[in-house]
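Trainee: Put the model up, please. I'd like to go through the labels people hang on a structure and see how each one is earned.

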Amino acid sequence: IVKGAREKGMEPMALVETYMREYFRDMSLLGVREPDISPRATGHLIEMIEAIERLIAKGYAYEVKGDVFFDVSKVKDYGRLSGFNREQMLAGSRFEVSRKKRAAEDFALWKKARKGSPLRWKSPWTEGFPGWHIECSVMSMKYLGPRFDIHGGGQDLVFPHHENEIAQSEALTGRR
């Protein structure tokens, strides 16, 4: 979002709004009914911060210099959805591993905003923004409950996105 907004000379949230309107227009042209609820991550920051605080209190997450990470080692069967093991997960990584992490496979729940970043909200740890996975877990649990049967998305989301959502959601709810 930030990269695309810079390329278009727009504010990030203005770009998001543009794409949201185009999406709903296109869906309407296809005859698809609008959903009853269309939550935005920025409208759920308080719930995300509260969820991260609960994960820290339960021992599933840790803070390092303003960033908060989920400790994958706390989840015995992490990888059960995708079938990946930890060695395979690291081999397929597209990003340099942060030195702040205890383990390379740990994932971000909250990211410290870099200087000049337009995405920044206050939190108990630092000004920054939530990780992608916590956004989805918090909003889906709020609107669908602690358990639901179907979670859509492309095959490319199975790992790491859906795998991480499962880990943090089960850690939050204590339910499998």
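Trainee: How do the residues lining the second largest pocket divide by type?

Mentor: The split is 6 nonpolar, 6 polar and 6 charged. Here Ala, Val, Leu, Ile, Met, Phe, Trp, Tyr, Cys and Pro count as nonpolar, Asp, Glu, Lys and Arg as charged, and the others, Gly among them, as polar. Keep in mind that this is a predicted model: local features need pLDDT of at least 70, side-chain atom pairs count only at pLDDT 80 or more, and totals for chains, interfaces and linings use all residues. Numbering starts from 1 along each chain as its sequence is written, and side-chain values use heavy atoms, leaving out hydrogens and water.

Trainee: What makes it a pocket rather than a cavity?

Mentor: It's all about openness. On a 1 Å grid over the protein atoms alone, a cavity is a set of points where a 1.4 Å probe fits but cannot get out, whereas a pocket is an open set with protein on both sides within 12 Å along at least five of seven lines. A residue counts as lining if it has an atom within 4 Å of a point. This one holds about 360 Å³, and 18 residues line it, with Pro-146, Arg-147, Phe-148, Ile-166 and Ser-169 closest to its centre. Helix α6 gives the most to that lining, 6 residues.

Trainee: How do you know that Gln-168 is buried or exposed?

Mentor: Compare its accessible area with the cut-offs: buried is under 20% relative accessible area, exposed over 50%, partly exposed in between (1.4 Å probe, protein chains only). Gln-168 comes out at 0%, so it is buried. This residue is in helix α6, and beyond four places in sequence it contacts Leu-55, Phe-70, Phe-107, Leu-109, His-133, Ile-134 and Ser-137. Contact means heavy atoms within 4.5 Å.

Trainee: And what should we call Ile-56 and Lys-65?

Mentor: Ile-56 has 29%, so it is partly exposed. Lys-65 has 66%, so that one is exposed. Ile-56 belongs to helix α3, while Lys-65 is in the loop between β1 (61-64) and β2. Lys-65 also has a positive phi of about 50°, although it is not a glycine.

Trainee: What earns a stretch the name helix or strand?

Mentor: DSSP runs: H or I over at least four residues for a helix, E over at least two for a strand, numbered from the N terminus. The protein has 6 helices and 4 strands.

Trainee: Why is the protein called as compact as a globular one?

Mentor: Take the radius of gyration over C-alpha atoms and set it against the globule rule, 2.2 Å times the number of residues to the power 0.38. The protein has 17 Å, close to the 16 Å given for 176 residues, so it is as compact as a globular protein of that length.

Trainee: Last one: what makes a group of residues a nonpolar core?

Mentor: They must be buried Ala, Val, Leu, Ile, Met, Phe, Trp, Tyr or Cys, joined through side-chain atoms within 4.5 Å. The largest such core has 22 residues, and those with the most contacts inside it include Ile-52 and Leu-109. Among the elements giving it two or more residues are β3 (107-112) and α5 (132-144). The most comes from α3, with 6 residues.

Methods:
Grid points are joined across faces, edges and corners, and a volume is the space filled by probe spheres set on the points.
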